[in-house]
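Me: I would like to learn how to read the features of a protein model one at a time. Could you take me through them, giving the general idea before the particular case?

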Amino acid sequence: MRFSLLRSVVLVPLALSSTLASGAAPLEPAPAGLMCELLAYPERTAITDPSPEFSWIVRSSGKDDVQTAYQIRVAATVEALERPTDALWDSGKVASDRSVAVSYAGRPLESDRTYHWQVRTWNKDDHESGWSTPQAFRTGKLAPAHSTALYPLEQVEIAPASVTRTAEGRDFFDFGRSAFGGLKLMLTAPAGGSKVVVHLGEKLSAPQTIDRKPPGSVRYQRVELTLQPGKQTYIVPFRAEDKRRMPDAIGAVMPFRYVEIEGAAGPLDRESARQVAAFYRFDDSAARFTSSDARLNAVWDLCKYSMKATNFCGVFVDGDRERLPYEADAYINMLGYYACDREFTISRHSHEYLMVNPTWPPEWKHHSVFMAWFDYLYTGDAESLAAFYDKLKGEKLLADRARGDGLLDTKGLRDLVDWPMSERDGYEMKPVNTVYNAFYARSLSLMSEIAAALDKSEDASKFRAEAARVTAAINEKLVDRATGLYVDGEGSKHSSLHANMFPLAFGLVPAERKAKVVDFVKSRGMACSVYAAQYLMDALYDAGEADHALSLTTAKNDRSWSHMVEGVGTTIALEAWDQKYKPNQDWNHAWGAAPANVIPRKLMGIEPTEPGFRTVRIRPQPGDLKWAAMVLPTIRGPIQADFTSAPAEFVLNVDLPANMKGRVEVPRPTAAGDVKVTVDGSPREVKTEGNFLVLEGIGSGQHRIVRTSH
């Protein structure tokens with residue numbers, strides 16, 4: 001049954017302040033969701049920025065509300081916040097709608113101290129809010145060099161979902177999901193002591209039997225444990241390799257879901273074992289999605305949990321096999337993380353780590369440009385952009401490889417295109433590579449946006465012009481004139497999925513050839529890896545092919561995310577579609593979890609159009625879904641949206657946080673007839689753009705948008 005998330009979820013209670021003097025305007029609700037340096041809990045770590053940035057969620061008791069002013073106070077104690085003379089900084093009333101990344105501008109902070117801050121705001125009617133609850137933050141060794149503060153990793157004890165005593169006398173534990181962690185046992189032994197054998201693994205070979213020889217990099221471990229007399233607690237020792245990238249405070253971890261214990265004295269119960277999982281801070285309740293398609297819901301659950309489970313190193317890594325950060329992996333991980341939690345530090349840190357420690361694939365360098373832009377787009381904080389601008393401009397574009405026409409010749413650089421190589425759809429590798437040059441054109445376009453954000457107008461103009469020149473060269477020299485399709489590279493006669501979907505995803509295809517390219521891309525199905533599927537999904541949804549995109553996501557064959565859930569039985573996204581496509585794959589790769597971002601960004605259509613979600617576009621593309629509902633966390637607060645879709649009527653409920661404006665695009669009916677759109681019961685004029693009816697200026701609060709056709 002379809003339900004409205006807007007009517008069933010209350011995320012931020014709006015508690016008005018206490019009674020005011022007679023005749024005074026009522027206080028608006030105090031700001032919530034405070035962040036210092038993008039940290040919701042800054043007291044848990046040490047901040048080294050001498051001028052930290054502050055962000056908050058503006059709350060309001062009315063619709064269509066915006067912040068018109070703010071005031072910030074910072075002091076050494078909570079009590080000192082109440083005394084203006086004791087404040088280290090009192091901004092006074094600042095006329096501004098800025099509620100993200102406001103830099104500290106008070107007396108110098110000191111190293112290794114605890115401070116407190118709070119904020120109040122004024123709304124469109126100049127009514128002030130109450131002061132927010134003070135938030136504490138700690139400084140470390142303050143230094144002018146840019147760095148991103150991180151939380152320490154957490155350890156969470158997880159009880160088994162079930163315990164079974166097998167016919168062979170083994171105790172079998174199923175923890176429900178794989179997690180990277182250790183194993184804690186509470187066992188009893190007789191007076192002389194005893195031994196047990198512990199098996200841990202990700203995969204079963206038979207019911208209640210862990211696969212002792214799993215394929216590829218799927219994990220299994222056997223440990224003999226000597227027990228002391230009486231009831232004791234044991235931490236099962238893992239191999240030294242399981243300590244890779246882990247801090248001493250956490251120790252060795254491996255991914256496992258199942259545990260078998262041989263030799264225990266009597267049947268064990270749920271209190272006998274705990275999976276001690278390692279996580280970076282993650283709020284499981286921050287994001288929600290459900291729909292009329294149970295298989296799609298299962299894909300969302302898999303991919304959302306993959307965001308949490310694979311953060312175990314405190315930096316995005318490519319899975320357990322290597323445990324190394326890679327740019328493309330981190331980019332897909334970053335997009336998914338934004339969709340699943342109001343947490344930005346691990347994404348920013350992972351991007352910045354790779355700026356300093358780049359990897360070898362040429363296309364991966366362009367992913368650093370992508371990550372830099374999306375970090376700014378989702379946070380509204382340009383500090384990282386400014387710190388790494390010169391590196392982005394000088395090292396990541398490989399512009400020194402450009403020919404006179406602007407195209408890059410990457411001979412000798414081992415262009416990747418896709419991985420493993422068998423997933424390239426027969427791609428013919430050429431020195432002037434279509435996929436690589438599509439990345440280059442997109443990076444130039446994003447660099448123009450980055451330069452503009454940093455007020456580098458001359459650079460912005462140069463990047464914009466070069467992006468247009470490279471795009472024109474791609475469309476002149478890398479196209480088969482007979483078919484209208486992109487070829488794999490200069491001199492190639494072959495047109496692969498990749499040579500066409502990347503230009504489509506990056507908006508490089510001219511309108512007159514778009515239909516041919518789209519039809520070809522659809523004809524190739526999922527002829528790419530789980531990594532490149534991110535761009536295939538982007539291309540299809542941006543081309544208005546939601547039906548096809550959804551069908552690929554939930555397909556019953558072995559090249560879909562549904563196959564990971566139903567065919568393989570993994571609880572974390574795979575490195576490849578199936579073992580047969582990458583025999584050495586692991587079962588815990590976030591780059592295989594693209595739906596974590598594709599469902600919110602493309603299916604539900606919720607994407608920021610100005611940095612820090614100052615404005616947002618909501619353009620749902622339901623495909624054949626009857627209904628769907630989403631709660632999406634943002635730095636300005638949660639966005640809630642749900643729709644019901646039928647041929648004669650499309651209903652969209654949206655709830656935007658205060659201080660955010662939306663552009664809403666509802667699907668245009670396919671059948672001819674009279675179309676009417678209402679917003680909150682009142683008729684509205686709309687403009688038609690492609691397959692959508694566009695409504696501008698949708699303000700904060702709950703709105704019901706109904707499109708009917710007759």
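**Reading salt bridges, sheets and overall form**

Reply: Let us begin with a pair of charged side chains in this predicted model: E607 and K602 form a salt bridge in which the closest N and O atoms are 3.2 Å apart.

Me: What is the general idea behind such a pair, and are E607 and K602 buried or exposed?

Reply: Side chains of opposite charge can pair when their charged atoms come close. In this case E607 and K602 are both buried, and the two also belong to a network of salt bridges that links D538, D542, R601, K602, E607 and R617. A search of the whole structure finds 53 salt bridges.

Me: Which parts does the salt bridge between R663 and E696 tie together?

Reply: The side chains of R663 and E696 meet at 2.6 Å, N to O. Because R663 lies in strand β27 (residues 661-667) and E696 in strand β31 (residues 692-698), the pair ties together parts that are 33 residues apart in sequence. E696 counts as partly exposed, at 38% relative accessibility.

Me: How should I read the salt bridge between E110 and R113?

Reply: Read the distance together with the accessibility of each partner. The distance between the side chains is 2.9 Å, N to O; E110 is partly exposed at 45% relative accessibility, and R113 is likewise partly exposed, with a relative accessible area of 33%.

Me: Turning to the sheets, in what order do the strands of the open sheet of seven strands lie?

Reply: A sheet is read by listing its strands in spatial order and then asking how neighbours pair. Here the order is β19-β24-β25-β26-β32-β28-β29, with antiparallel pairing. β19 (288-291) and β29 (682-683) stand at the edges with a single partner strand each, so one side of each has no neighbour in the sheet. At the β19 edge, four bridges join β19 to strand β24 (residues 627-632) in the antiparallel sense, and F289 has M630 in β24 as its bridge partner.

Me: Which strands make up the open sheet of three strands?

Reply: The order is β1-β2-β6, and the pairing is again antiparallel. The edges are β1 (32-36) and β6 (102-103), each of which has a single partner strand, so one side of each is left without a neighbour in the sheet. Strand β2 (residues 53-57) pairs with β6 over two bridges, and F54 stands opposite V102 in β6.

Me: How many residues of strand β7 are buried?

Reply: For a strand, count the buried residues and then look at the pairing. Eight of the nine residues of β7 (residues 114-122) are buried, so β7 is largely enclosed by the rest of the structure. Seven bridges join β7 to strand β3 (residues 69-75), the two running antiparallel, and V74 has W117 in β7 as its bridge partner. β7 also pairs with strand β8 (residues 135-138) in the antiparallel sense, over four bridges, where T114 is matched with R138 in β8.

Me: What is the radius of gyration of the chain, and what should it be compared with?

Reply: Compare it with the value for a compact globule of equal length: for 710 residues that value is near 27 Å, and the chain has 27 Å, which agrees. The C-alpha trace spans about 80 × 75 × 55 Å along its principal axes, and the chain has 14 helices and 32 strands. Buried residues make up 60% of the 710 residues. Among contacts between residues at least 6 apart in sequence, 71% join residues at least 24 apart.

Key: Residues numbered from 1 in each chain as written. Predicted model: local features only at pLDDT ≥ 70, side-chain atom pairs only at ≥ 80, totals over all residues. Heavy atoms only, no water. Pairing = 2+ DSSP bridges. Buried < 20%, exposed > 50% of the residue type's maximum accessible area, 1.4 Å probe, protein only. Salt bridge = Lys/Arg side-chain N within 4 Å of Asp/Glu carboxyl O. Rg over C-alpha atoms; globule rule 2.2 N^0.38 Å. Contact = heavy atoms within 4.5 Å.
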